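Visitor: Could we take a close look at just one part of this model? I'd like to start from a single residue and work outwards.

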Amino acid sequence: MLHLSDEHLIRSCMAGCKQHCSLLYERYQRFVYSLIYTKVRDQDLTADLLQETFLRAFKGLGAFRSESSFKNWLAKIAVNLCKDYWRREVRQPFKFESLDQGDESGPKWDIPDEPEKSDPSVQYERKEMVSLIARELGRMAKEDQQILLLWSEGYGQKEIAELCGFPQGTIGRKIAEGRNFLREIINQQRLFSRQGKRKHGSKK
Amino acid sequence: MNANCQMPQSRIDAYADGELDAREAQVVERHLEQCTTCLQIVTEHREIKELIREGFDHLIPSSNAKAGWETIAAQLDFRPSLWQKIRSVFARPLVWLPSSLVAASAAVFIFIVLSSSDKLPILVSQVESVSVSSPTEQVWVLQTAKSRQPLIWIQSGTPNVTEAG
């Protein structure tokens, strides 16, 4: 299928093309959904804020400047809407919890059950690894999740700092910590997996 | 493993995250051709990013994208305003390119006309009086019949006054 650039789709949307607006929505809805969910951790609220984000984006396409990417623009709208929500509904100033304390008070993630470890296939190992990473991500503080989500989506430290409202140095440190922590988890899991295979092989 | 690797890991991390400028990135790329340790770090970075993305997909409940779009589409007016139509037309390179060429050609034409205007002859019928106001006859004062505005002509020779009609 022909890949249409964001720029092309935006021009079509401005000219009133519903189909191309739908393509832009399909392209970024999952990312924006994840970004909002890491902040609010509520499915219904996330769905509402997701809709509001895209409505604002499509209605305000005339204000979009192509120096920034459309994805980044959407992320800024989503983050601002989350802040507005906090100000309006919770009636307390939106503020990230201390980066070092984590978020004990917030709603908990629905951590998926660990799958059975009997399947030896590579695909299964990958699923197991993803499940493990998901569980560790779920245990992290909201803002750590958001930083790692944006980092994994290719955002630079400066952009993440602008979106999350932290100094760039703090973002760099948090990325390094998160990455090193997950690297350890991955290495441990691989070691565990290799040991399991060896045991399995020796039994045969 | 390359035990003698002198490259700071922060530089490799910055490279993997796309934080280096083109010149610095080139230096790191040359290093990566020789250092398997650093190459492995870059590969690990990519893998960790991929696993984080998949991890979030696994962790975050899926949204009903189709229903979400239908709600959004119902609230959007897809008829573009006049200003949006104009903007979208001029945002196309195919329109900008000929427009720019026409504008540039017009500018060049006007420049040529203006720069050669001193060579245009002054018609005698348009000149009411001519006086020489310098002993070297290099400064001429002309007065046009129509506007009665004095024109001062400075040149090495005589002005190119031609008979009308």
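Leaving aside its neighbours within four places in sequence, which residues is A:Ser12 in contact with?

Guide: There are two of them: once you skip everything within four places in sequence, A:Ser12 is in contact (heavy atoms within 4.5 Å) with A:Cys17 and A:His20. Before going further, some ground rules. This is a predicted model, where local features need pLDDT of at least 70 and side-chain atom pairs need pLDDT 80 or more, while totals for chains, interfaces and linings use all residues. Residues are numbered from 1 along each chain as its sequence is written, chains are lettered from A and ligands numbered from 1 in written order, and side-chain values use heavy atoms, with hydrogens and water left out.

Back to the serine. A:Ser12 sits in helix 1 of chain A, which spans residues 6-14 (helices are DSSP runs of H or I with at least four residues, strands are E runs of at least two, and both are numbered from the N terminus). A:Ser12 has a relative accessible area of 14%, so it is buried (under 20%; exposed is over 50% and partly exposed in between, with a 1.4 Å probe and protein chains only).

Zoom out a bit and you see what surrounds that helix. Chain A comes to 8 helices and 0 strands, so to speak an α-α-α-α-α-α-α-α string along the sequence. Buried residues make up 50% of the 204 residues in chain A. Take the contacts in chain A with a separation of 6 or more: 61% of them involve residues 24 or more positions apart. The accessible surface of chain A (Shrake-Rupley, 1.4 Å probe) comes to about 10900 Å², and carbon and sulfur atoms own 48% of that.

Helix 1 also has a share in the meeting with chain B. Chain A and chain B bury about 4300 Å² between them (accessible area lost on being put together, 1.4 Å probe, summed over both), with 64% of it on carbon and sulfur atoms. A:Met14, A:Arg30 and A:Trp151 supply 14% of the area that chain A buries against chain B, more than any other three residues. As for head counts, the contact takes 47 residues from chain A and 39 residues from chain B.

There's charge pairing across the two chains as well: the count is 7 salt bridges (a side-chain nitrogen of Lys or Arg within 4 Å of a carboxyl oxygen of Asp or Glu). A:Arg183 forms one with B:Glu44, where the closest N and O atoms are 2.7 Å apart. Which helices take part on the chain A side? Helix 1, helix 2 (18-40), helix 3 (43-59), helix 5 (122-139), helix 6 (142-152) and helix 8 (168-203) each supply at least two residues of the side that touches chain B. Helix 2 gives the most, with 10 residues.

Let's stop at a few of those helices. After helix 2, in the loop leading to helix 3, comes A:Arg41. Its backbone is a curiosity: phi is near 55 degrees, a positive value in a residue other than glycine. Most residues other than glycine have a negative phi. At 8% relative accessibility, A:Arg41 counts as buried.

Helix 6 of chain A is largely enclosed by the rest of the structure, because 11 of its 11 residues are buried. Among them are A:Lys142, A:Glu143 and A:Asp144, along with A:Leu148 and A:Trp151. Just after helix 6 comes A:Gly154, with a positive phi near 95 degrees. In helix 8 you find A:Thr170, which counts as buried at 18% relative accessibility. The C-alpha atoms of A:Thr170 and A:Gln157 are separated by 9.3 Å, the two residues being 13 apart along the chain.

And the partner? Chain B has 6 helices and 5 strands, in the order α-α-α-α-α-α-β-β-β-β-β. Of its 165 residues, 26% count as buried. In chain B, 34% of the contacts between residues at least 6 apart in sequence join residues at least 24 apart. Chain B has an accessible surface of about 11600 Å², 59% of it belonging to carbon and sulfur atoms. Its own helix 1 (residues 9-16) has B:Ile12, B:Asp13, B:Ala14, B:Tyr15 and B:Ala16 as its buried residues, and that helix is followed by B:Gly18, whose phi is positive, near 70 degrees.

Notes: Buried area is the accessible area (1.4 Å probe) that two parts lose on being put together, summed over both.
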